[in-house]
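Work through the exercises below with the sequence and the model open side by side. Each task is followed by a solution in steps.

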Amino acid sequence: MPAPLPGPAEDAEGRRMVLYSVLGQIPPGKVVSYGQLAELAGLGRAARWVGRTLGQLPVDTRLPWHRVLGAGGRLSLALGTPSGDEQRARLRAEGVAVVNNRVDMSRHGWRPMEHSG
């Protein structure tokens, strides 16, 4: 059995730090899916872990958690809940259209290679 690869993602705290680092890079007006965020952070297919981890962020976090959506641009936080209403308000304030509980990923999806200098 091969030895585990060294690196920051080998422990839980390291995984969170990598996740937060990538999350912090998502520009205003752009969104990613939980699965895409996991991939971008080098965490493989850890979409559910990403969702649970973001759900544990402190209330006063400055990280743009509201820019992370379910597959296909679906908002996973329920309409009428404090966090769901806050997510919709933050997205709309950034110019992201929310229609039928979805965001058009082709229009608002973040593609880091297109935004790098």
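**Exercise 1. A residue in a loop**

Where is Val-103 found? Is Val-103 buried or exposed?

Solution. The model is a predicted one.
Step 1: place the residue. Val-103 is found in the loop between α4 and α5.
Step 2: apply the cut-off. Buried means under 20% relative accessible area. Val-103 has a relative accessible area of 3%, so this residue is buried.
Step 3: look for a contact far away in sequence. Gly-73 and Val-103 are separated by 30 residues in sequence, yet their C-alpha atoms are 4.8 Å apart in space.

**Exercise 2. Backbone angles in the loop between α4 and α5**

State the sign of phi for Asn-100 and for Asn-101, then classify the exposure of Asn-100 and of Asn-101.

Solution.
Step 1: recall the background. Most residues other than glycine have a negative phi.
Step 2: read the angles. Phi is near 55° in Asn-100, a positive value in a residue other than glycine. In Asn-101, phi is near 65°, again a positive value in a residue other than glycine.
Step 3: locate both. Asn-100 has its place in the loop between α4 and α5 (105–108), and Asn-101 lies in the loop between α4 and α5 as well.
Step 4: compare with the cut-offs. Exposed means over 50% relative accessible area, and partly exposed lies between the buried and exposed limits. Asn-100 counts as exposed because its relative accessibility is 73%. Asn-101, with a relative accessible area of 33%, is partly exposed.

**Exercise 3. The two sides of a helix**

Which residues of α3 are buried, and which on the other side are exposed?

Solution.
Step 1: list the buried set. Trp-49, Val-50, Thr-53 and Leu-54 are buried in α3.
Step 2: check their directions. These residues cover an arc of only 130° around the axis, so they lie on the same side of α3.
Step 3: turn to the other side of α3, where Arg-48, Arg-52 and Gly-55 are exposed.
Step 4: examine the ring of Trp-49. Arg-15 lies over the face of Trp-49, 4.4 Å from the ring centre.
Step 5: search for ring pairs. The structure holds zero aromatic pairs.

**Exercise 4. Two pockets**

How much space lies in the largest pocket, and how much in the second largest pocket? Describe the lining of each.

Solution.
Step 1: take the largest pocket, which holds about 290 Å³ of space. It is lined by 15 residues, and the closest to its centre are Leu-54, Gly-55, Trp-65, Leu-77 and Ser-83.
Step 2: assign elements. Two or more residues of this lining come from each of α3 (47–55) and α4 (82–93). The largest share, four residues, belongs to α4.
Step 3: sort the lining by class. The largest pocket has eight nonpolar, five polar and two charged lining residues.
Step 4: take the second largest pocket, with about 160 Å³ of space. Its lining consists of Ser-33, Tyr-34, Gly-35, Ala-47, Arg-48, Gly-70, Ala-71 and Arg-74. At least two of these come from α2 (34–40), and at least two from α3.
Step 5: sort again. The lining of the second largest pocket has three nonpolar, three polar and two charged residues.

**Exercise 5. The whole chain**

How many helices and strands are there in the chain?

Solution.
Step 1: count the elements. The chain has six helices and two strands.
Step 2: write their order. From the N terminus on, the elements run α-β-α-α-β-α-α-α.
Step 3: add the burial. Of the 117 residues in the chain, 38% are buried.

Terms used
Residues are numbered from 1 along each chain as its sequence is written. This is a predicted model: local features need pLDDT of at least 70, side-chain atom pairs count only at pLDDT 80 or more; totals for chains, interfaces and linings use all residues. Side-chain values use heavy atoms; hydrogens and water are left out. On a 1 Å grid over the protein atoms alone, a cavity is a set of points where a 1.4 Å probe fits but cannot get out, and a pocket is an open set with protein on both sides within 12 Å along at least five of seven lines; lining residues have an atom within 4 Å of a point. Grid points are joined across faces, edges and corners, and a volume is the space filled by probe spheres set on the points. Ala, Val, Leu, Ile, Met, Phe, Trp, Tyr, Cys and Pro count as nonpolar, Asp, Glu, Lys and Arg as charged, and the others, Gly among them, as polar. Rings of Phe, Tyr and Trp (its six-membered ring) pair if their centres lie within 6.5 Å; planes under 30 degrees apart count as stacked, over 60 as edge-to-face and the rest as tilted. A charge sits over a ring if NZ of Lys or CZ of Arg is within 6 Å of the ring centre and within 35 degrees of the ring normal. Buried means under 20% relative accessible area, exposed over 50%, partly exposed in between (1.4 Å probe, protein chains only). The arc is that of the directions from the helix axis to the C-beta atoms.
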